[in-house]
Structure formats: C-alpha cells, structure tokens
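Biologist: Please take a close look at the salt bridges in this model and at the sheet that one of them belongs to. Where do the charged partners sit, and how open are they to solvent?

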Amino acid sequence: MRSEIFTLALLLLPALTAAQEQPSLDVAVKRAREHAYYAARVDWRAVESHARSLASEQDEASAIRFVLKSLDDRHSFYLPPKNPAKTARTGEQPDAQPSVRALSRARQAVEGVPVIQINGWSGTQQEALAATGALRSDLANALSVAGCGIVLDFSANTGGNMWPMLVGLSPLLEEGRLGGFKDVNGAVHVIEKKAGVIFSNDSTHMLNVATPLQPRHAAASIAIVLGPRSASSGEIVPIMFHGQHNVRLFGQRTAGKSTANSTYPLPNGGYVAITTAVTLDRNGHEFDSYIEPDVLSGQAVESAAQWIVAQCRKG
C-alpha cells in the first residue's frame with residue numbers, strides 16, 4: 001500500500017540516511033521498535049539476539065527480514081537496494097512491486113451490468129494523474145446509460161498507490177467520512193469526501209485535479225469483488241466503500257494486508273516498510289487483517305451482477 005501515510009514517511013525521513021556508519025540492522029530494529037503498530041507484543045530481547053546471530057551466520061538481509069516477520073502483521077517487509085552505489089548517489093527508491101500501467105480495465109458486462117477491473121498500480125506523480133483520469137473515464141463510460149449498478153473487481157489487485165483508485169472511483173462514494181488510518185497512539189488520519197472532493201486529513205488530495213469528469217448516471221447498487229490476491233491498497237480502497245448503504249462485497253477472503261505501511265530508509269540504500277496503522281471504515285470498524293466478503297462465491301463477478309439485477313427489480 002502506498003497510502004499518504006506511506007508517502008509522508010518517504011518525504012520526511014531522508015535525513016536518516018546520514019547515519020551511514022550505523023548497521024542497517026540496528027536502524028531497522030530501531031524503526032520497528034519506535035513505529036510498528038504491534039511493537040509492544042514483540043519480545044525484543046529475544047528477537048534482537050536471534051537477528052544478530054542471523055546477521056553473523058547468514059547475512060544482514062536475512063536478519064532484517066526476521067525482525068519484520070517477528071512483528072507478525074503480515075504486511076511489513078524489506079526492500080533491499082537494487083544497486084546500493086546508485087541508490088546512495090541518486091536517492092533512487094526501489095519499488096515494493098513493479099508498476100502496473102493499466103490501473104483499470106473495462107470488462108464485458110455480465111447480466112447487463114458493467115464491470116470494471118481495478119488493478120494494482122504504482123508510478124510517478126504524473127503517471128498517477130493520468131491513471132486517475134483513465135479510471136474516471138472508464139467509470140463515466142460504464143455509467144453513460146441508466147442501469148442497475150456496477151461491479152468493481154478488485155480480485156487481482158495486489159496493491160500499490162491507493163489514491164488513483166480512490167479518487168478515480170470517488171463519484172461512487174457518499175459524502176462524509178470514508179475511513180482512515182489509526183496509529184499505535186490512537187491518532188487517526190481521516191479520509192473524507194466533501195463537496196465531491198477527496199480530502200486527506202482536512203487537505204484536498206492533489207489527484208482531485210486529474211479530471212472534472214463525472215458519470216452521467218448514478219450507480220444504484222455497487223458490488224465489489226475480492227479474492228485471495230486482493231492485498232494492501234486492493235483491500236484498503238474496498239474498506240473505504242465498506243458500510244455504504246448500497247455496497248456489498250463478494251468473493252473470497254483477502255490476503256490480510258489491509259493495514260497502512262510507512263517506509264524508512266536504511267544506511268545500505270534499502271528500505272523497511274513497517275505497518276504503523278490499522279485501517280478504519282466509515283463507521284470506525286478496524287481492519288488489521290483479512291476482509292471477509294458479505295457473500296462467499298467462487299463465481300463472484302456473476303454473483304455480484306445477479307445481486308445488482310435483483311436489487312434493481314426490487315426497486
């Protein structure tokens with residue numbers, strides 16, 4: 001997940017690279033102890049002792065991965081430097097996953113209901129603006145004629161930058177608080193929709209300028225499809241829809257990485273991405289693990305479309 005919490009960490013922490021003589025393992029342990037959401041439940045004496053043994057017997061990367069695994073949050077991970085010399089020279093940041101350039105893909109309608117596939121995505125700020133606009137265009141096309149609703153398929157969405165997904169789909173979201181992220185101290189980073197615009201902690205998100213395009217018709221019912229590959233942002237964006245009166249979740253249990261990560265640089269040019277917050281839906285319900293869909297289904301898109309049609313007939 002590259003939530004704003006994640007991004008702020010990248011922007012605010014470059015000064016840490018000045019500690020070039022400090023072992024990366026020491027920095028990783030320090031950041032985990034200070035910032036990890038579940039740091040209090042770790043036996044740090046035992047973890048540090050074993051990590052130092054691993055660093056001596058194997059390598060530092062194995063030791064860092066052990067420390068992060070000990071947090072038992074399923075989401076923290078280590079980003080080794082792709083090229084330590086180049087990273088130190090340019091400040092280049094290795095990505096958690098390859099960029100997926102097509103954020104969305106309109107699929108063939110099922111039962112007459114339009115389906116949009118929302119993919120995992122990452123990229124530059126300029127690419128994020130384009131991706132947001134492309135998703136909004138897909139949404140506007142899908143709702144260009146009056147219908148019963150829409151299916152949003154997140155079943156293959158492994159994460160990345162959540163903001164193009166959320167802003168691109170924002171016409172489907174009701175006004176008011178959508179959710180947020182709660183850190184270990186109880187502070188909440190609030191995500192809202194106000195006057196048609198997505199706000200992050202009372203600041204309008206920069207991607208709102210990506211497109212003024214609005215769908216011609218509203219979606220009476222919204223079905224979201226999830227699966228075991230839905231992870232990180234592929235879970236967080238559906239959580240922002242969770243609890244909305246016209247939304248239902250279909251499919252299979254997700255990957256269980258619905259928390260928010262912050263990323264911290266290491267002296268070796270790598271990074272540790274540490275789970276620092278749980279995700280909240282609009283009703284304050286906490287998500288720190290898997291999302292269980294409302295309707296379990298092995299044919300989730302079909303089940304979702306059938307539900308939308310049935311809702312329309314009740315109508």
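**Salt bridges and the sheet**

Modeller: A network of salt bridges links Asp26, Arg33, Glu48 and Arg52. The model is predicted, and a search through the whole of the structure gives 10 salt bridges.

One of the pairs is local. Arg31 and Glu34 form a salt bridge whose closest N and O atoms are 3.0 Å apart. Both residues belong to helix α2 (residues 24-35), where a spacing of 3 residues is about one turn of the helix. Arg31 counts as buried because its relative accessibility is 11%, under the 20% limit. Glu34, at 38%, counts as partly exposed.

Another pair, Lys194 and Asp202, meets through its side chains at 3.8 Å, N to O. Here Lys194 is partly exposed, with a relative accessible area of 31%. Asp202 is exposed because its value of 59% is over the 50% cut-off.

The pair that belongs to the sheet is Asp153 with Arg107, whose side chains meet in a salt bridge of 2.5 Å, N to O. Asp153 is in strand β4 and Arg107 in strand β2, so this contact ties together parts that lie 46 residues apart in sequence. Asp153 is buried, at 4% relative accessibility, whereas Arg107 is partly exposed, at 31%.

The sheet itself is open and has 6 strands, in the order β2-β3-β4-β9-β10-β14, with mixed pairing. At its edges are β2 (104-110) and β14 (295-296), each of which pairs on one side only. Strand β2, which holds Arg107, runs antiparallel to β3 (residues 113-118) and is joined to β3 by 5 bridges. Within that pairing, Ala106 of the β2 strand stands opposite Ile116 in β3.

Two helices complete the picture of this part. Helix α8 (residues 233-241) packs on the sheet and touches β4 (149-153), β9 (221-226) and β10 (247-251). The direction of α8 makes about 155 degrees with that of β9. Helix α9 (residues 300-314) lies across β2, β3, β4, β9 and β10, and runs at about 165 degrees to β9. Strand β4, the one that carries Asp153, is thus among the strands touched by α8 and among those that α9 lies across.

Definitions and conventions: Residues are numbered from 1 along each chain as its sequence is written. This is a predicted model: local features need pLDDT of at least 70, side-chain atom pairs count only at pLDDT 80 or more; totals for chains, interfaces and linings use all residues. Side-chain values use heavy atoms; hydrogens and water are left out. Two strands pair if DSSP finds at least two bridges between them. Helices (H or I, at least four residues) and strands (E, at least two) are DSSP runs, numbered from the N terminus. Contact means heavy atoms within 4.5 Å. Axes are lines fitted to C-alpha atoms, for helices over the stretch in contact, and angles run from 0 to 180 degrees between N-to-C directions. A salt bridge is a side-chain nitrogen of Lys or Arg within 4 Å of a carboxyl oxygen of Asp or Glu. Buried means under 20% relative accessible area, exposed over 50%, partly exposed in between (1.4 Å probe, protein chains only).
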